[in-house]
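Biologist: Let us test the labels one by one. Show me the model, then defend each term.

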Amino acid sequence: MEITRICSGDLADPTVDVLLTEIVDFDRAINHDLGLSPDFDPLPGSVRGKLVRTDAFTAHELWLGRIDGHLVAKAGAYLSLRDNTDVADVYAGVLPAWRRRGLGTEILAAMEGQLRTDGRTRLNGWCEIPAAGAADDLRRPRVAAAAGTGVLPAEHGSVAFAGHRGYGLQQIERCSAAHIRGAERREATDAAEGWESPACEGDAGGADDGYIIRTWTGPTPNEHIEALALLHQKMSTDVPGAADLYDEETWDADRVRALESDREFAHGRTHTALALLGGEGVGFTEVVSYAERPHVAFQGATLVRREHRGNGLGARLKIANHAALRRDSPVERVYTWNAAENSWMLAINDRAGFNAVGWVGLWKKILD
Ligand SMILES: CC(C)(COP(=O)(O)OP(=O)(O)OC[C@H]1O[C@@H](n2cnc3c(N)ncnc32)[C@H](O)[C@@H]1OP(=O)(O)O)[C@@H](O)C(=O)NCCC(=O)NCCS
């Protein structure tokens, strides 16, 4: 197999167009084989962004494996440039027809070797298993997560492969979907919270405890940019398990704007709800929807600062954001990922109408 490494920003536009089609077809084939919903099929705008975009904060690298010119294997690394510079988030895939011939091992080893040379020695990988597959025959062997909650089927190809390559299962995340409109929406959700959806555009109070929820779509208003940067920074360590995988990230207004630009390049729209107390940002939640698949949105960060927890803000933020999505977008369903041991957040999501659709294994390997 011939392996080529591509760093984001390396390619000229005409080359990108050819590659884009190959990568989108490749990723779609992997997703289909895994049994993931077409909602997770690759979005050409996002793939293009990973190939051409560079900024001061993040970079993507790809390793493409070809046999007789055909793309049969692919590995990728997502790199932070400002902090966590010894960490890489990695992934590998091989087309179904080419598996169990050592190609996955070969492309992963090529990527790991180059990452090690670049000083990236803490690797975090992930695998995705639909809920139906994870529940297959409970008598079969399971691998337990180091975080203490949850198991994955040991014989699943992705799980067996990660173990074979020296990765340890650190944590399991639940992937859940919420239908925010029509018959599938849980109408009881809002009422159960004793809290109404915002009646006027942009702001919602609702409970008389002083907290205000502000929602918007698109770039963060200037007056909230510092609050968003601080909340993103706290997000990098304040969620269960994060500290085992990453050091605290450094966020400022420029980094928030860079993230927004990345999403805009990929035709993404960010929908944000921010909780304010006396003008100070104390929590937020954000989801991103893409023009290429406008009925689907993906949850980004959600955080309530420690000292403001226990006031129902997590649920209020999500419910306010869903109300804003119904009002301002065609989004019908929202996907979110939460650590299996994060029972608090899972309970919030259950109240916000989410149902489990799959499990994501987070794997960790320290290179020598
Ligand atoms: C996981 C994946 C990349 C493996 O690719 P591959 O080319 O088949 O991997 P290899 O041939 O190098 O397999 C190496 C070892 O991993 C284990 N393994 C791989 N696939 C397996 C499977 N389906 N069942 C059991 N063990 C498996 C075996 O120990 C295998 O060695 P062996 O074939 O000598 O028994 C491929 O199945 C894939 O693309 N899956 C979907 C994407 C994915 O989940 N990637 C993330 C993995 S963390």
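The questions below take the ligand site, then a cavity.

Modeller: One caution before we start: this is a predicted model.

Biologist: What makes the pair between the ligand and Ser 158 a polar contact?

Modeller: The cut-off is 3.5 Å between N or O atoms. A ligand oxygen is 2.7 Å from an N or O atom in the Ser 158 side chain, so the pair qualifies. Val 94 offers a polar backbone atom, also 2.7 Å from an oxygen of the ligand.

Biologist: Why does His 164 count as a polar contact of the ligand?

Modeller: A polar atom of the His 164 side chain is 3.4 Å from a ligand oxygen. The limit is 3.5 Å, so this pair counts. Of the ligand's own 890 Å² of accessible area, the protein covers 78%.

Biologist: Which elements give two or more residues to the shell around the ligand?

Modeller: Strand 4 (87-94), helix 3 (103-117) and helix 5 (157-164) do. Helix 5 has the largest share, 6 residues. The shell divides into 9 nonpolar, 7 polar and 4 charged residues.

Biologist: Why is the space of about 70 Å³ called a cavity?

Modeller: A 1.4 Å probe fits there but cannot get out, so the term is cavity. The search kept spaces of 30 Å³ or more and found 2. This one, about 70 Å³, is the second largest.

Biologist: What makes Arg 263 a lining residue of the second largest cavity?

Modeller: Lining requires an atom within 4 Å of a grid point. Arg 263 is on the list, as are Glu 260 and Glu 286. Helix 9 gives the most to this lining, 4 residues.

How values were computed. Residues are numbered from 1 along each chain as its sequence is written. This is a predicted model: local features need pLDDT of at least 70, side-chain atom pairs count only at pLDDT 80 or more; totals for chains, interfaces and linings use all residues. Side-chain values use heavy atoms; hydrogens and water are left out. A polar contact is a pair of N or O atoms within 3.5 Å; within protein, one must be able to donate a hydrogen and the other to accept it, and residues adjacent in sequence count only if both atoms are side-chain atoms. Accessible areas come from the Shrake-Rupley method with a 1.4 Å probe; for residues, only the protein chains shown count as cover. Ala, Val, Leu, Ile, Met, Phe, Trp, Tyr, Cys and Pro count as nonpolar, Asp, Glu, Lys and Arg as charged, and the others, Gly among them, as polar. On a 1 Å grid over the protein atoms alone, a cavity is a set of points where a 1.4 Å probe fits but cannot get out, and a pocket is an open set with protein on both sides within 12 Å along at least five of seven lines; lining residues have an atom within 4 Å of a point. Grid points are joined across faces, edges and corners, and a volume is the space filled by probe spheres set on the points.
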